[in-house]
Amino acid sequence: MRKFAFAGFALVLVVLAASWVYGELAYSRDNPPERYQGVILSARSDEVLRRACFDCHSNETRFPWYSHLPIVSIVMGEHIRQGRDELNFSAWDRVSRRTRAKWIKESREEVGEGEMPGWDYVMFNPEARVTSEELAWLESDAAALFPDRLGRKNGKRNHGKGGEKDDDEDEDDDEEDEHRKRERD
Ligand code: HEC
């Protein structure tokens, strides 16, 4: 019995050591150099984004000491990798207006549904919780910045002739996106 307990303990140690090495090697804590220092939505909304989203959706991630713990490092590293992949506010300057509107529209939805920031993140970073007042700021600042796409009267925009124009605009922006993508590759 004792032998098994020892083998089990040794196995746990080996797994922990291996996952620690993997976490250290596979996930860099060096933030990519690109930054955006300008205003995204507004001073008050940007403060919320910085506080609640930037750790996973920018190149200004803060890495706490526990980001070096085995397993934690992998979970955290994946969150950051996938988060930046979805939207990276540090690239705000480089992406098209359409992409910006998409990021903000989705962000508004995710925060509104309580999906973002994730509960596990909020558990360790309670200050990241977004209040309903802050969500209202995000919504009104987003509507002011993208009245054509995120305005409160959005539902009406496809009535009459306006709708077609919007579609054309989207296509132009698609091309712009494609072009930028090619430039980067
Ligand atoms: C702990 C890391 C983390 C934080 C903090 C975080 N996110 Fe995310 N976010 C992710 C990950 C990982 C994904 C991709 C997987 C998913 O959709 O759950 C994601 C996806 C998203 C998406 C795309 C959703 C979709 O399915 O299209 C949006 C929009 C988003 N996040 C907005 C935000 C906003 C806004 C905040 C701040 C209020 C925030 N996130 C905070 C990790 C994070």
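A residue counts as buried if 20 or more other C-beta atoms lie within 10 Å of its own, as exposed if 12 or fewer do, and as partly exposed in between. Keep that handy for the exercises below, and remember that this is a predicted model.

**Exercise 1. Work out whether Q82 is buried or exposed, and say which helix it is found in.**

Step 1: Find the residue. Q82 sits in helix α4.

Step 2: Count its neighbours. Q82 has 10 C-beta neighbours inside 10 Å, so it counts as exposed. The cut-off for that class is 12 or fewer.

Step 3: Look along the chain. C56 is 26 residues away from Q82 in sequence, yet their C-alpha atoms are separated by 8.1 Å.

Step 4: Zoom out. Of the chain's 185 residues, 18% count as buried.

**Exercise 2. Describe how α1 and α4 pack: what is their angle, and which residues meet?**

Step 1: Know what to look for. Two packed helices are described by the angle between their axes and the distance between the axes.

Step 2: Read off both values. The axes of α1 (residues 2-26) and α4 come within 8 Å and cross at roughly 30°. Angles under 35 degrees count as roughly parallel, so α1 is roughly parallel to α4.

Step 3: Add the handedness. α1 passes α4 in a left-handed crossing.

Step 4: List the partners. On the α1 side you'll find S19, Y22, G23, E24 and A26, and they meet S73, I74 and G77 of α4. Sorted by class, this contact has three nonpolar, four polar and one charged residues.

**Exercise 3. Do the same for α5 and α7: are they roughly parallel or roughly antiparallel?**

Step 1: Get the geometry. The axes of α5 and α7 (residues 132-145) come within 10 Å and cross at roughly 160°. Angles over 145 degrees count as roughly antiparallel, which means α5 is roughly antiparallel to α7.

Step 2: Check the handedness. The crossing of α5 and α7 is left-handed.

Step 3: Name the residues. α5 brings I104, R108, V111 and G112, while α7 brings L135, L138, E139 and A142. Their classes come out as five nonpolar, one polar and two charged.

**Exercise 4. Explore the ligand's surroundings: which residues come nearest, and which helices supply at least two residues of the shell?**

Step 1: Pick out the nearest ones. There are 19 residues around the ligand, and C53, C56, E106, S107 and M116 come nearest.

Step 2: Assign helices. α3 (54-57), α4 (72-86) and α5 (97-112) each give the shell at least two residues.

Step 3: Sort by class. The shell holds nine nonpolar, six polar and four charged residues.

Note on methods:
Residues numbered from 1 in each chain as written. Predicted model: local features only at pLDDT ≥ 70, side-chain atom pairs only at ≥ 80, totals over all residues. Near = placed C-beta within 6 Å. Helix = DSSP H or I, 4+ residues; strand = E, 2+ residues; numbered from the N terminus. Nonpolar A, V, L, I, M, F, W, Y, C, P; charged D, E, K, R; others polar. Axes fitted to C-alpha atoms, helices over the stretch in contact; angles between N-to-C directions. Parallel < 35°, antiparallel > 145°, perpendicular 65-115°, else oblique. Left-handed = near helix turned anticlockwise from the far one by under 90°. Contact = placed C-beta atoms within 7 Å.
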